[in-house]
Amino acid sequence: MSQTVETTKRNGEIDFFRFIFCMMIIIMHYGYYCTAGKRVFFIGAPIGVEFFFLVCGWLMAAHIHKLSGNEKPGKATAEYLTNRLKSILPYTTIGVVLAFITASAGTGTGAFTLFKRGLVAVLEILLLPELGVGFDTYVPVLWYVSSMLFAILILYPIFVWNKDIYLNVLAPIFMIVYLGWIFQTDGLLNGHGSWHTIATNGTFRAIGEISAGCICFNLSKKISQSVNGKFSRIALSAANIIGYITVIVMAFFNSG
């Protein structure tokens, strides 16, 4: 049965903080690459990736919440991922192609070397390096997209198959086990590209944090149903804003 889901309106608040965290990450990378690390602001900016993964989980849960409940998990997953790829691949392809041209221009390399570089670029366009195809990349930040899509490929069919089991049992398990494992193994949560037996730490990070985003969606529904009165709504909005500001300030002052 095909999905019949109404078009989701964009959330202005989410889009605004997406922009803020994107700018923080850009400023951080500028400091590393353009000042040779001498003046880096927002060293804590990688926490923006956590925000992106949480939003991804929240949006995935909101999408599945609107499904009729009669969808086949495999077909529903394929349709959802296809739509995501259609919106992502044009931009990632342009980025990789431009990076390939810039890296190859004027190097005086032979045809075979250019062929190998082109193969690496194709594999990167297909978002494979973070999934275990161990090549250098032209656009390193694409690890996030690769891990996100692979995590969705795992989580989405489970969620569609049984919403109750996923939200109340499996999502908390994935969040606690995978994030705890990464922290105990790597000593931090913001790593990626390190292979852990069957996948990279970035992929496990995506699975754990997208699951956390799904949990946040479930909790937000329950809270919205129980909150009554103007004061309660104002208090929740204030807590929300304070939370964002706290994260941004901590990311800024953790600077060098």
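Colleague: Which residues in α5 meet which residues in α7?

Modeller: In this predicted model, W143, S147, M148, F150, A151, I152, I154, L155 and F159 in α5 meet G202, T203, R205, A206, I207, I210, S211 and C214 in α7. Sorted by class, this contact of α5 with α7 has twelve nonpolar, four polar and one charged residues.

Colleague: Why are α5 and α7 called oblique to each other?

Modeller: In general, two packed helices are described by the angle between their axes and the distance between the axes. Helix α5 (residues 143-161) and helix α7 (residues 201-226) pack at an angle of about 55 degrees, and their axes are 8 Å apart. Roughly parallel requires an angle under 35 degrees, and roughly perpendicular requires 65 to 115 degrees. The angle of about 55 degrees belongs to neither range, and α5 and α7 are therefore oblique to each other. Their crossing is right-handed.

Colleague: What makes T203 a buried residue?

Modeller: T203, found in helix α7, has a relative accessible area of 2%. The cut-off for buried is under 20%, so T203 is buried. Not counting residues up to four places away in sequence, T203 touches E130, L131, S147 and F150.

Colleague: Why are α3 and α5 called roughly antiparallel to each other?

Modeller: The axes of helix α3 (residues 73-104) and α5 cross at roughly 155 degrees and come within 8 Å. An angle over 145 degrees counts as roughly antiparallel, and α3 and α5 are therefore given that description. The crossing of α3 and α5 is right-handed. On the α3 side, P73, A76, T77, Y80, L81, R84, L85 and I88 take part in the contact; on the α5 side, V145, M148, L149, I152, L153, Y156, P157, V160 and W161 do so. The residues of this contact of α3 with α5 divide into 15 nonpolar, one polar and one charged.

Colleague: What makes α2 and α5 roughly parallel to each other?

Modeller: Helix α2 (residues 47-65) packs with α5 at an angle of about 30 degrees, with the axes 11 Å apart. The limit for roughly parallel is under 35 degrees, and α2 and α5 therefore meet it. Their crossing is right-handed. In α2, V49, F52, F53, C56, M60, A61, H63 and I64 meet W143, Y144, M148, I152, L155, Y156, F159 and V160 in α5. The contact of α2 with α5 is divided into 15 nonpolar residues, one polar and no charged.

Colleague: How do you know that F21 counts as buried?

Modeller: F21 lies in helix α1 (residues 12-34). The relative accessibility of F21 is 2%, and buried means under 20%, so F21 counts as buried. Not counting residues up to four places away in sequence, F21 touches I47, G48, F51, F52, Y244, V247 and I248.

Colleague: How do you know that the span of helix α4 agrees with the expected one?

Modeller: Helix α4 (residues 111-125) has 15 residues and, at 1.5 Å a residue, should span 21 Å. The expected span is 1.5 Å times one less than the number of residues. The end C-alpha atoms of α4 are 21 Å apart, which agrees. Within α4, V120, A121, L123, E124 and I125 are buried, and what covers the buried residues of α4 includes α3. L127 follows α4 and has a positive phi, near 65 degrees.

Notes. Residues numbered from 1 in each chain as written. Predicted model: local features only at pLDDT ≥ 70, side-chain atom pairs only at ≥ 80, totals over all residues. Heavy atoms only, no water. Axes fitted to C-alpha atoms, helices over the stretch in contact; angles between N-to-C directions. Helix = DSSP H or I, 4+ residues; strand = E, 2+ residues; numbered from the N terminus. Left-handed = near helix turned anticlockwise from the far one by under 90°. Contact = heavy atoms within 4.5 Å. Nonpolar A, V, L, I, M, F, W, Y, C, P; charged D, E, K, R; others polar. Buried < 20%, exposed > 50% of the residue type's maximum accessible area, 1.4 Å probe, protein only.
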